[in-house]
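Morning, everyone. Let me walk you through one chain, residue by residue and then pocket by pocket. Please have a look at the screen.

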Amino acid sequence: MQRATFYIIQPQSPQASDSGFAHYVVFLAHHFAKQGAKVYLNCKSKTHAEQMAEFFWQVEPEQFVAHNLVGEGPKYATNIEIGHSAVRPCWNRQLVINLAENETTFANQFAEVVDFVPCEEKAKQLARERYKIYRQAGYQLQTIEIEHN
């Protein structure tokens, strides 16, 4: 059964800021990749994908995990692939971390979806809509409040 996990961002948390959120996404991607998952990071746009790729370089050397943008890197890609709606992920991805605000149609390609409930009201409403779509599609759903500092 496919699963979707929504991480709830609290207004007072470090993840409520843009850079704090980006660093948390890198943390999650590393976490899943180190467990052996082939992760796809679905960004809002090409520019956003490139920005997120830059965040992966801003970790301590001992925490570095190989990653690549769609179409770059080795033939079968690395454990973490970064793209957006205009490109297709490598065939072997199991988990998607969704950073796009209104994208859900791609999700059925993955066994697991990670999504977020931001603090801002409009973005929160879009997350609720994605949650409903996943539920209607038969996903097993869970929510987790971010407690990571």
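Start with Y134, which sits in helix α3. Keep in mind that this is a predicted model. Is Y134 buried or exposed? Buried, because its relative accessibility is 1% and the cut-off for buried is under 20%. Its side chain has a partner. Y134 and D115 meet side chain to side chain in a polar contact of 3.3 Å. Now look across to N108. In sequence, Y134 and N108 are 26 residues apart. In space, their C-alpha atoms are 9.2 Å apart.

Next, R93. You will find R93 in the loop between β4, residues 80–84, and β5, residues 95–98. It is an arginine in a loop, and R93 is buried, with 5% relative accessible area. What does its side chain reach? A polar atom of the R93 side chain lies 2.7 Å from the backbone oxygen of T78. There is also a side-chain contact with E81. That polar contact between R93 and E81 spans 3.2 Å.

Stay in the loop between β4 and β5, and move to R88, which also has its place there. Here the accessibility is 68%, and R88 counts as exposed. So R93 is buried, whereas R88 is exposed. From R88 to F106 the C-alpha distance is 9.3 Å, and the two are 18 residues apart in sequence.

Now the aromatics. How many aromatic pairs does the structure hold? The count is 9 aromatic pairs. Take one of them, F21 with F116. The geometry is edge-to-face, with 4.9 Å centre to centre and 85° between the planes. This pair links distant parts of the chain. F21 belongs to helix α1, residues 18–34, and F116 to strand β6, residues 112–117. That puts them 95 residues apart. The two rings differ in exposure class. F116 is buried at 3% relative accessibility. F21, at 21%, counts as partly exposed. Why is F21 not called buried? Because buried means under 20%, and F21 has 21%.

Zoom out from that pair. Ring pairs join Y7, F21, Y24, F27 and F116 into a cluster.

On to the largest pocket. Its space comes to about 490 Å³. There are 23 lining residues, and the closest to the pocket centre are D18, F21, K44, L99 and P118. You have met F21 already, in the pair with F116. Which elements each supply at least two residues of the lining? They are α1, α2 (46–57), β6 and α3 (121–136). The largest share is from α2, with 4 residues. What is the make-up of the lining by class? It has 12 nonpolar, 5 polar and 6 charged residues.

A word on the cysteines. How many disulfides does the count give? It gives 0 disulfides. Take C119 as the test case. The closest cysteine sulfur to the sulfur of C119 is that of C43, and the gap is 19 Å. A disulfide needs the two sulfur atoms within 2.5 Å, so C119 and C43 are too far apart for a bond. Their surroundings also read separately. C43 is buried, at 1% relative accessible area. C119 is partly exposed, at 26% relative accessibility.

Two more residues before I stop. First, P11, in the loop between β1, residues 3–8, and α1. Is P11 buried or exposed? Exposed, because its relative accessible area is 59% and the cut-off is over 50%. Now find E120. P11 and E120 are 109 residues apart along the chain, and their C-alpha atoms are separated by 8.5 Å.

Then H23, in helix α1. H23 counts as partly exposed, with 36% relative accessibility. Pair H23 with K75 and you get a separation of 27 Å between C-alpha atoms. Along the chain, those two are 52 residues apart. Set that beside the other pair: 109 residues and 8.5 Å for P11 and E120, 52 residues and 27 Å for H23 and K75.

That is the tour. Questions, please.

How values were computed. Residues numbered from 1 in each chain as written. Predicted model: local features only at pLDDT ≥ 70, side-chain atom pairs only at ≥ 80, totals over all residues. Heavy atoms only, no water. Buried < 20%, exposed > 50% of the residue type's maximum accessible area, 1.4 Å probe, protein only. Phe/Tyr/Trp six-rings, centres within 6.5 Å; stacked < 30°, edge-to-face > 60°. 1 Å grid on protein atoms, 1.4 Å probe; cavity = no way out; pocket = protein on both sides within 12 Å on 5 of 7 lines; lining within 4 Å. Points joined across faces, edges and corners; volume = space filled by probe spheres on them. Nonpolar A, V, L, I, M, F, W, Y, C, P; charged D, E, K, R; others polar. Polar contact = N/O pair within 3.5 Å; in protein donor to acceptor, adjacent residues only side chain to side chain.
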